[in-house]
Amino acid sequence: MGRAFEYRKATKLKRWGHMAKTFTRIGKQISIAVKAGGPEPENNPTLRAIIANAKRENMPKDNIERAIKNALGKDQSEYKEVNYEGYGPHGVAIFVETLTDNTTRTVGDVRSVFNKFSGNLGTQGSLSFLFDHKCVFTFKKKDDVDMDELILDLIDYGVEDEFDEDEEAGEITIYGDPKSFGDIQKHLENEGYEVTGAEFTRIPNDLKDVTPEQREVIDKMVEKLEDFDDVQTVYTNMKPEEE
């Protein structure tokens, strides 16, 4: 298994928080996708991928359809993606992804948490060198698939040559260049693979060791950030806790 999967596996249980927050996050993503590419999943690959994620998170069909309908409303607020980066306690890097319709509110909320934990909120892009931005696809494995051949085909799209196989679920997870998200998705679908999850992630390339006490403080800070509805995902370069 590659570094990407090992880090994601070690941290994913703490990634999304409560289910209600997950549905709010997905609803905002649906709104952006619909406004950018229309409400029909068959004609909107980004929306199609988000719906796959929604189903994976057990989001009810009615909630998904309502989010699409709401996105078409003329009075809907325009969400935009804004990232916030800085250092928390003990020199741990923290990267916060948000979807917001009010940047003044969002930056105030994020800054308040950094201040509360004696952190330092930096300028946008200041910590991008510490995190590798990747797209992640999970799909059902076909019985007759030659994974070496499939990966060889996908390497042209920036897909890594290492992948993870979940034998129990019968699924494969691959990582690739975010700029090739649409092309990777199209290739998998054209080849007849059922995509069950598609998302973007950030993987720290320089993990920082922390003590149990320091980890507890950072975890509390992350939880405070995740409490805000505008916050989508919080990444840190804190070394995952060993099981």
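In this predicted model, helix α6 meets helix α7 through a small set of named residues. Leu150, Asp153 and Leu154 contribute from α6. Ile184, His187 and Leu188 contribute from α7. By class, this contact comprises 4 nonpolar residues, 1 polar residue and 1 charged residue. Helix α6 covers residues 147–154, and helix α7 covers residues 181–190. The two helices pack at an angle of about 145 degrees. Their axes lie 11 Å apart. The crossing of α6 past α7 is right-handed.

Helix α5 spans residues 103–116 and holds 14 residues. At 1.5 Å a residue, a helix of this many residues should span 20 Å. The end C-alpha atoms of α5 are 20 Å apart, which agrees with that expectation. Thr106, Val110, Val113 and Phe114 are buried in α5. Viewed down the helix axis, the buried residues of α5 fall within an arc of 100 degrees, so they line one face of the helix. Thr104 and Lys116 are exposed on the other side of α5. The buried residues pack against strands and a helix. The strands are β1 (80–87), β2 (93–100) and β3 (120–121). The helix is α8 (212–226).

Two loop residues stand out by their backbone angles. Most residues other than glycine have a negative phi. Asparagine 58 has a positive phi, near 65 degrees. This asparagine sits in the loop between α3 (45–56) and α4 (61–71). Asparagine 58 has a relative accessible area of 59%, which is over 50%, so the residue counts as exposed. Histidine 90 is not a glycine either, yet its phi is positive at about 65 degrees. Histidine 90 belongs to the loop between β1 and β2, two of the strands that the buried residues of α5 pack against. The relative accessibility of histidine 90 is 39%, a value between 20% and 50%, so this residue counts as partly exposed.

Across the whole protein, the secondary structure comes to 8 helices and 8 strands. The protein has 243 residues, and buried residues make up 46% of them. Contacts with a separation of 6 or more were also examined. Of these, 72% join residues 24 or more positions apart.

Notes
Residues are numbered from 1 along each chain as its sequence is written. This is a predicted model: local features need pLDDT of at least 70, side-chain atom pairs count only at pLDDT 80 or more; totals for chains, interfaces and linings use all residues. Side-chain values use heavy atoms; hydrogens and water are left out. Axes are lines fitted to C-alpha atoms, for helices over the stretch in contact, and angles run from 0 to 180 degrees between N-to-C directions. Helices (H or I, at least four residues) and strands (E, at least two) are DSSP runs, numbered from the N terminus. A crossing is left-handed if the near helix is turned anticlockwise from the far one by less than a right angle, and right-handed if clockwise. Contact means heavy atoms within 4.5 Å. Ala, Val, Leu, Ile, Met, Phe, Trp, Tyr, Cys and Pro count as nonpolar, Asp, Glu, Lys and Arg as charged, and the others, Gly among them, as polar. The expected span of a helix is 1.5 Å times one less than its number of residues. Buried means under 20% relative accessible area, exposed over 50%, partly exposed in between (1.4 Å probe, protein chains only). The arc is that of the directions from the helix axis to the C-beta atoms.
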